[in-house]
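Let's walk through this fold together, from the overall layout down to a few single residues. Keep the viewer open as you read.

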Amino acid sequence: MGRRFLAFAQQFTVESGFHALTLHVAHKNQQAIRLYHNLAFEIEQSQYNYWRHFWFKEPVWHLMSWKERNCNRGENSIEQNI
């Protein structure tokens with residue numbers, strides 16, 4: 001389910017004329033980080049965030065991004081990642 005939703009989000013991003021998709025992931029959520037890496041997301045930066053630490057009890061968060069250039073247009077590579 002998660003892979004399909006992310007592939008849909010990537011396709012929707014491209015079709016809407018945008019070139020990047022970003023999200024924040026807790027450092028301790030290694031399963032999610034692996035999933036995002038498999039879908040061509042890269043960690044842009046990692047940082048301590050006081051408010052996320054306060055509210056979610058997780059001190060370190062990663063900003064991950066997917067950029068359109070990571071996929072080859074015309075080969076349906078987004079769908080192939082599912």
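Before anything else, a word on naming: helices and strands here are DSSP runs, at least four residues long for helices and at least two for strands, and they are numbered from the N terminus. What you are looking at is a predicted model. With that in hand, start with the loop just after H2, where Ala40 takes a positive phi of about 75°. We'll come back to Ala40 once the rest of the fold is in place.

Now zoom out. The protein has 4 helices and 3 strands, and reading along the sequence you meet them in the pattern α-β-α-β-α-β-α. Of its 82 residues, 34% count as buried. The accessible surface is about 5,800 Å², and 55% of that belongs to carbon and sulfur atoms. If you take the contacts with a separation of 6 or more, 61% of them join residues 24 or more positions apart.

Find the sheet next. How are its 3 strands ordered? The order is E1-E3-E2, in an open sheet with antiparallel pairing. Strand E1 (20-26) and strand E2 (42-48) stand at the edges with a single partner strand each, so one side of each has no neighbour in the sheet. From one strand to the next, the twist averages 20°.

As a reminder of what holds such an arrangement together, strands of a sheet pair through backbone hydrogen bonds, either parallel or antiparallel. Here, E1 and E3 pair in the antiparallel sense over 7 bridges, while E2 and strand E3 (residues 60-67) do so over 6 bridges. A good residue to click on is Trp61 in E3: Trp61 is the bridge partner of Ala26, and also the bridge partner of Gln47. A further bridge in E3 joins Val60 to Tyr48. E3 is mostly covered, too, with 6 of its 8 residues buried.

On to the helices that pack here. Helix H1 (residues 2-15) packs on the sheet and touches E1 and E3, its direction making about 145° with that of E1. Helix H2 (residues 30-38) lies across E1, E2 and E3, and runs at about 160° to E1.

H2 is worth turning around in the viewer. Which of its residues are buried? They are Ala32, Ile33 and Tyr36. These residues cover an arc of only 100° around the axis, which puts them on the same side of H2. On the other side, Gln31 and Arg34 are exposed. As for what covers the buried residues of H2, that includes H1, E1 and E3.

That brings us to the inside. The largest nonpolar core has 14 residues, and those with the most contacts inside it are Leu6, Leu23, Val25, Tyr36, Phe41, Met64 and Trp66. H1, E1, H2 and E3 are the elements that give two or more residues to this core. For a feel of the packing, pick Met64 and show what surrounds it. Leaving aside neighbours within four places in sequence, Met64 is in contact with a list of residues that includes Leu21, Leu23, Val25, Ile33, Tyr36, Phe41 and Ile43. Met64 also contacts Thr22, His37, Glu42 and Glu44.

Finally, the loops, and back to Ala40. This residue lies in the loop between H2 and E2, and has its positive phi although it is not a glycine. Is Ala40 buried or exposed? Ala40 has a relative accessible area of 17%, and buried means under 20%, so Ala40 counts as buried.

Lys57 makes a nice counterpart. Its phi is near 60°, again a positive value in a residue other than glycine, and its place is in the loop between helix H3 (50-56) and E3. Lys57, however, is exposed: its relative accessible area is 60%, and the cut-off for exposed is over 50%.

The last stop is Glu68, in the loop between E3 and helix H4 (77-80). At 12% relative accessibility, Glu68 counts as buried. Try drawing a distance from Glu68 to His19: the two are 49 residues apart along the chain, and their C-alpha atoms are separated by 5.0 Å.

Conventions:
Residues numbered from 1 in each chain as written. Predicted model: local features only at pLDDT ≥ 70, side-chain atom pairs only at ≥ 80, totals over all residues. Heavy atoms only, no water. Pairing = 2+ DSSP bridges. Axes fitted to C-alpha atoms, helices over the stretch in contact; angles between N-to-C directions. Contact = heavy atoms within 4.5 Å. Core = buried A, V, L, I, M, F, W, Y, C linked by side-chain atoms within 4.5 Å. Buried < 20%, exposed > 50% of the residue type's maximum accessible area, 1.4 Å probe, protein only. Areas by Shrake-Rupley, 256 points an atom, 1.4 Å probe, with all protein chains shown as cover. Arc of directions from axis to C-beta.
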